[in-house]
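Reader: I should like to learn how to read this structure. Where might one begin?

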Amino acid sequence: MATMAASNTRDVGPKDLGLRNNSSTKIDLANIADVPYYVEKRYVRAVDENGDEFQYEEVPVEEFYDDEKEETLDALIRNVKDQQRESQVIPTTTSASISRGSLTTEPEAVDDFVRNFLVRMGMKKTMQQFQVEWHNLSSSGRIKTNEAGYLPDVVKHNEELSEKMRLLQSEVDRYRKSAEKAREEFIKMKKERDYHRQHHNRIAQEKNNLVTFIKRLKSHLSTYEPQLDELKTKYDSAVREKMLYKLERDKMQSELNALKLSTSTSYQNGSLGSTQSKLRELRLKEEKKKVTITDAQRRLEGSMDDTNQSNAQDSEFPTDTGNNPYLNRFAEDAFHRSTLTLAKELLAHEGPISCAAIHPRKHVAITVSDDRSWKMWAIPEGDMIMKGEGHADWVSGVDFHPSGNKMATCSGDTTVKLWDFSQKKCVHTFTNHLLPVWSVNFHSCGDFITSASQDKTVRLWDLNSLRCRMVMRGHQDSVHSAEFLMFSNIIVSSSVDKTVMLWDARTGLAEHTYAGHANACNQATFNLRGDAIASCDTKGVVKIWDVRTVKSIVTLDFGPYSANSVSFHPAGQLLTTASGDRTIKLYNISSEELIPLSSHTDEVQYVKFDLKGQYMISTGRDRTLRIWS
C-alpha cells in the first residue's frame, strides 16, 4: 500500500502560479498576497512486483499551465477580487438585517379560531363534522384556504382581556377567601379575648371579695380579744368564788354536824327550842349562798355571748297557744290533678332565680335571683309591680312580713336586709353573719326573723331592737334553711351535716335532731298543722318526719338528681318537690300517687303553695317564674 508522506507547504508567488515576466500583463501582487495558496507535495513509495520500491519522478508545476490559457489570468484575478468583496459584504448585510429585524405575529385564521373554539368548548362531534366539511370544500376548490380571512385584532385583544379578567377574578376570589378566613380568625380571637377578660374580671371580683371578707373577719376577731380577756378574768374570779363557797360550805357543814351533835345532847338536857332556831339560821345562810352561786354562774354564761344581754327595746316572745287560724279551712280534696295546669310563664330575671315568696293576703309574689335583684309580680297577670337592688352578691332567700308591707332578703354578701314597701327602700341591714346567708323567715308575730348561714349558725333577729337576739349553734356544717312553725316559737333547720334540728327560739337550745339522710339536706319545712316535717337532700331523697316520735314515716327517692325544695299544700295531703331533672314532683301522701310536672327547661330551684291553696309557684335556673293553678 502506498503511504502518505509529510508534505512541505509554502506561499505561492507569481512564479509558482506559472506567471511569466510579461510586460503586457500587470499583476496586483499586494492583493494576491492577501489570499494564501498552498501547493501540497506528496511522496508516495510504491513497491513493484519484485518487492523493490518504485521511484516517482517529480513533475514541475509549470507543466500544468498552458500558454494558450494565459489570456484568462485577468478574469481569474477579477473572480478572486469579487469573491473577496462578497465575503466582506455578506456578513455586514446579515448583521445589519438581524439588528434591524422585528418579530411579527401572523393573525389567527377564521377556521383555526373555529377549531380552537370547538376544542375549548369540548364539542368533539361538531369538530369532526366541521373538519369533514372543510376538507371536502377545500379539496373541491369551493373554498380557498388562503382566502378564508383572519380574525380582527380586536377579537384576540378581547380574548386576552377576558383571560386577564378571569385571572384577576380568581385572584379576587382567593383574596376574598383569605379575608373571610382572617375575619373568622379575628372573631374567634375576639371571643377568646372577651372570655379571658370575663374570666379575669371574675377572678378579680372573687379576689376583692376575699380581701374584703378577710379584712372584715380580722376586724371582727379584733373585737373578741378584749371580750376574751374580760371573760378570762370573770372565769378566774368565778373559780375563786367557787372555791371560797366550797370552803364556806364545808365550814357550814362541819358547823351543822356539830350543831346536830349538840342538838342531840341538848335534847337530852331539855334545851331543844334554841337549838332548832340556830339550825334554821344555818339553813337560811346555806340557801343564800346557793342563790349567790347560781347568779354568778348565770352572769358567767351570759357574758359568753352578747346576744343574751337584755335590751329595753327587745320584743317579747309570744305565748305558744297552739292556735293556728289557717287550720280546718281546707277539705281533703281541695287540690286536684285536673286543676293543676300551667297558668303563666314569666321570664323574670337575667340570672337563675333562687327563691320566691307569696304575699300573705294578696295575689303577689316576689322573686330573687343571682343577678342581685328582687322583683315583685302580680299573680296571675304577670305584671311587674316593683323591683329593687342593694345586695353586693347573689340574693338567696326572701320572705314577706306577716303584715305584707315589709320583706326580708338574704345574700351571699353575708347580710340580711329589711325592706319597707311604703318607703321603697332598705330600712336596715343585719351584718353579724360571717359567711353567705341561705335562708330567711319571719315569725308569725312579725317581730323576729330567723336566718340560716354557711357559718354553721341559725340566728334570731329582733326587729324592734334591730339586733341579734340569739345564736343557735349545733350544726356541724353549713345551714341551708331555717323556718318558723306558724304561730309558734319553734324553728326547724336543715344542714349539710345531713341532719334536721328543732330549736326553741326563746332559749336558743336544740330540742330534737332528726338523722336519717345520707346526703346534705337542702331544705326542711313544716306542714300547716305542725305535726310533720318534710326534708330533701342533694341526691333526690325526700323524707317526711313525725315531730312527736322523731321518726321518718315516709321516704321518697326522686334521685339521682338533687331535690332542691319541698312544700306542703295547706290541706296537708299533697307534697311538691323541686327537682334537678327539670321537673316538679307532686306526691299525694294518702293515695301514694306520684305526678311529675314538666315545664321548666333547666333545674327547678324552688316551689311554694299559697296559704289559701289556690295556686303554686315555681322558679328555676331557666330564669323563669311559673304559676300553676
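Reader: How many bridges join strand 18 to strand 19?

Author: Some conventions come before the count. The model is predicted, so that local features need pLDDT of at least 70 and side-chain atom pairs count only at pLDDT 80 or more, while totals for chains, interfaces and linings use all residues. Residues are numbered from 1 along each chain as its sequence is written, and side-chain values use heavy atoms, with hydrogens and water left out.

Helices (H or I, at least four residues) and strands (E, at least two) are DSSP runs, numbered from the N terminus. Two strands pair if DSSP finds at least two bridges between them. Here, strand 18 (residues 499–504) runs antiparallel to strand 19, and six bridges join them. One bridge partner in strand 19 is Ala 515, which pairs with Thr 499.

Reader: To which open sheet does this pair belong, and in what order do its strands stand?

Author: The sheet has four strands in the order 16-17-18-19, with antiparallel pairing. Because strand 16 (479–484) and strand 19 (509–515) each have a single partner strand, one side of each is left without a neighbour in the sheet. The twist averages 20 degrees from one strand to the next; for such angles, axes are lines fitted to C-alpha atoms (for helices over the stretch in contact), and angles run from 0 to 180 degrees between N-to-C directions.

Reader: In what order do the strands of the open sheet with strand 3 and strand 28 stand?

Author: The order is 3-30-29-28, again an open sheet of four strands with antiparallel pairing. Its edge strands are strand 3 (342–347) and strand 28 (604–609), each of which pairs on one side only. Neighbouring strands are turned by 15 degrees against each other on average, direction ignored. Strand 28 and strand 29 (residues 616–620) pair over five bridges in the antiparallel sense, and Val 607 stands opposite Ser 618 in strand 29.

Reader: Which feature does UniProt place at residues 158–192?

Author: The unreviewed UniProt entry gives "coiled-coil region" there; such annotations may be inferred rather than shown by experiment, feature names are shortened, and positions are given in the numbering used here. In the model, residues 158–192 are 100% helix and 0% strand, and the end C-alpha atoms are 50 Å apart.

Reader: How many helices and strands are there in the protein, and what share of its residues is buried?

Author: The protein has six helices and 30 strands. Of its 629 residues, 34% are buried, that is, under 20% relative accessible area, whereas exposed means over 50% and partly exposed lies in between (1.4 Å probe, protein chains only).
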